[in-house]
Structure formats: structure tokens, C-alpha cells
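User: I am new to this structure and would like to learn how its features are read. Could you guide me through them step by step?

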Amino acid sequence: WLKRGQQAPHQAISTMAVGKNKRLTKGGKKGSKKKASDPFLKKEWYDIKAPSVFSQRQCGKTLVSRTQGTKIASEQLKGRVLELNLADLNLDEDQSSKKIKLCIEEVQGRNCLTDFHGMTLTRDKLYSLVRKWHTMIEAHVDVKTTDGYTVRLFVIAFTKRRQDQVKTNCYAQSAQIRKIRRKMTEIMTKEAGTVQLRELVKKLIPESIGKEIEKQ
């Protein structure tokens, strides 16, 4: 009961601006609703077809994201470079020291048609050739094949000990090295410049250019 002349005590009412405390209004942290989906669910497998030069045409599979909007799967595949061992392509274990690079040129359905892109020696083979007390001669040349491809060929040569040699080393003189290098580039230009790329690959696999250089 209030006596005459007394006022009722004021109640303290607190008001809070909406939108200041984000955790209350939005219900937790940002991005918590995103589910971790497996990226492989959005991808497709394509078969790789090797050129007819090799005995094994079906040589593997490659993965690509599905066509989505402007990103077309076949366009993403074109220009992709694949590296394979020659032993797998020709089903011959003796050719395991060579690696072949194939480039995807065209996509037909689920098949990727490839073309020859390059050939290199494996690291262990290359290192087994390099020896102490021998001279190593290297050369390279750019050649244009008859079907319009420009190919860069590298050659590596080593001096050899004679049959009854007593001397420990078998080094070549700088003038001899220059002559050998000149001869190597001549043979490479002649052998590669007169054939198509397909025929050149057939020459590179059995090392017929290397044997020709050794002969001369």
C-alpha cells in the first residue's frame, strides 16, 4: 500500500538492438551448414587409347570433372600429357628403360585418342651409362618432319676403351669431340627430316639412329 504523496518505484527495463549479437540471431558460426562431399563423386573416368604404332592400344584411364555449365569435360582433357613406360605399351620387358609421353588430341565418347609427344630414358638407365675416365659427348638438333612437326632430338655418346688398352682413361680430344658432334647432328637431321613423325617413332624405339651414328 502506498501512502498519499508517495510514487511507485520505476522498474528497470533493458532493451537490446536487434542484429548486434550475430550468434543469437543467425544460429551459430558461418559455414557450419556445409557438408564435406567427396570430390570423386563429381568426376568421370575416360579410357586412354595409344597410337597404332604401339602394340597395346588400351593403355590406361584418366579422371576428369563432369561437364558443368561452361566447363566441358572433353575440353579439359584435350592437351593433357600422359607418361607411360614403353614396356607396358609394347608388352616387352626389355624396353623398360624408355618412357613415352602421349598427348590427348581428341575425345570420342569415353575414349581419349592420343598422339606421340616425347620419349626419354629412365633416370637409372641414364646414370648407368655415365662412367668415370670416359668422355661424354652431348648434342641436340631441331628437325622438321615431312608432316610438319618440329621435333627436338637429343643424343648422348660415350668414348669406349680399346680391346688391348693399358691406359686407365679413354678421353677424346676437343677437336675430335667437335667432329663427332657435327657428325651426330648431320645424321639426326638426315634421318628425322626425311620421314613422318609416325616413322620417326618407329626409328627411335629400336635406336636405329643411335646405331647409325655408332657405325659412322
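The dialogue below moves from the overall chain to its sheets, helices and single residues.

User: Which helices and strands make up the protein chain, and in what order do the elements run?

Analyst: Please note that this is a predicted model. The protein chain has seven helices and seven strands. Read from the N terminus, the elements follow the order α-β-β-α-β-α-β-β-α-β-β-α-α-α.

User: How many of the 216 residues count as buried?

Analyst: A residue is called buried when its relative accessible area is under 20%. In this protein chain, 28% of the 216 residues meet that condition. The accessible surface amounts to about 16900 Å², and carbon and sulfur atoms hold 50% of that area. Among contacts with a separation of 6 or more, 49% link residues 24 or more positions apart.

User: What is the order of the strands in the open sheet?

Analyst: A sheet is read by asking which strand pairs with which. Here five strands form an open sheet in the order S2-S1-S5-S4-S3, and the pairing is mixed. Strand S2 (58-65) and strand S3 (81-85) are at the edges; each has a single partner strand, so one side of each lacks a neighbour in the sheet. On average, neighbouring strands of this sheet are turned by 40 degrees against each other, direction ignored. Within the sheet, S4 and S5 run antiparallel and are joined by ten bridges. One example is Val 107, whose bridge partner in S5 is Cys 112.

User: Do S6 and S7 pair in the parallel or the antiparallel sense?

Analyst: S6 and S7 pair in the antiparallel sense, over nine bridges. Asp 142, for instance, stands opposite Arg 152 in S7. The two strands form a hairpin with five residues between them, and Gly 148 in the turn has a positive phi of about 90 degrees.

User: Along S6, which side chains point to the buried face?

Analyst: Alternation is the feature to look for. In S6, Ile 137, Ala 139, Val 141 and Val 143 are buried and point to one face. Met 136, Glu 138, His 140, Asp 142 and Lys 144 point to the other face and are not buried.

User: How is a buried side recognised on a helix?

Analyst: An α-helix has 3.6 residues a turn, so residues three or four places apart point the same way. In helix H6 (residues 197-204), the buried residues include Leu 197, Leu 200, Val 201 and Leu 204. These residues cover an arc of only 105 degrees around the axis, which puts them on the same side of H6. Their cover includes strand S4 (98-108), strand S5 (111-121), strand S7 (150-158), helix H5 (174-193) and helix H7 (208-215).

User: Which residues of H7 are buried, and which exposed residues lie on the face turned away?

Analyst: The buried residues of H7 are Ile 209, Glu 212 and Ile 213. Seen down the axis, they fall within an arc of 100 degrees, so they line one face of the helix. The face turned away from this buried side carries the exposed residues Lys 211, Glu 214 and Lys 215. S7, H5 and H6 are among the elements that cover the buried residues of H7.

User: What does the side chain of Asn 90 reach?

Analyst: Asn 90 belongs to helix H3 (residues 86-90) and is buried, with a relative accessible area of 19%. Its side chain reaches the backbone nitrogen of Ser 55 at 3.3 Å. Leaving out residues up to four places away in sequence, Asn 90 touches Phe 54, Ser 55, Gln 95 and Ile 205.

User: Is Thr 135 buried or exposed?

Analyst: Thr 135, in the loop between H4 and S6, counts as buried at 11% relative accessibility. The side chain of Thr 135 reaches the backbone nitrogen of Ala 172 at 2.9 Å. Beyond its neighbours within four places in sequence, Thr 135 has contacts that include Ala 157, Phe 158, Tyr 171 and Ile 177.

User: Where does Leu 91 lie, and what is its phi?

Analyst: Most residues other than glycine have a negative phi. Leu 91, in the loop between H3 and S4, has a positive phi near 50 degrees. Leu 91 counts as exposed, at 62% relative accessibility. Trp 133 also has a positive phi, near 65 degrees. Trp 133 lies in the loop between helix H4 (123-129) and strand S6 (136-144), and is partly exposed, with a relative accessible area of 43%.

Technical notes
Residues are numbered from 1 along each chain as its sequence is written. This is a predicted model: local features need pLDDT of at least 70, side-chain atom pairs count only at pLDDT 80 or more; totals for chains, interfaces and linings use all residues. Side-chain values use heavy atoms; hydrogens and water are left out. Buried means under 20% relative accessible area, exposed over 50%, partly exposed in between (1.4 Å probe, protein chains only). Helices (H or I, at least four residues) and strands (E, at least two) are DSSP runs, numbered from the N terminus. The arc is that of the directions from the helix axis to the C-beta atoms. Contact means heavy atoms within 4.5 Å. Two strands pair if DSSP finds at least two bridges between them. Axes are lines fitted to C-alpha atoms, for helices over the stretch in contact, and angles run from 0 to 180 degrees between N-to-C directions. A polar contact is a pair of N or O atoms within 3.5 Å; within protein, one must be able to donate a hydrogen and the other to accept it, and residues adjacent in sequence count only if both atoms are side-chain atoms. Accessible areas come from the Shrake-Rupley method with a 1.4 Å probe; for residues, only the protein chains shown count as cover.
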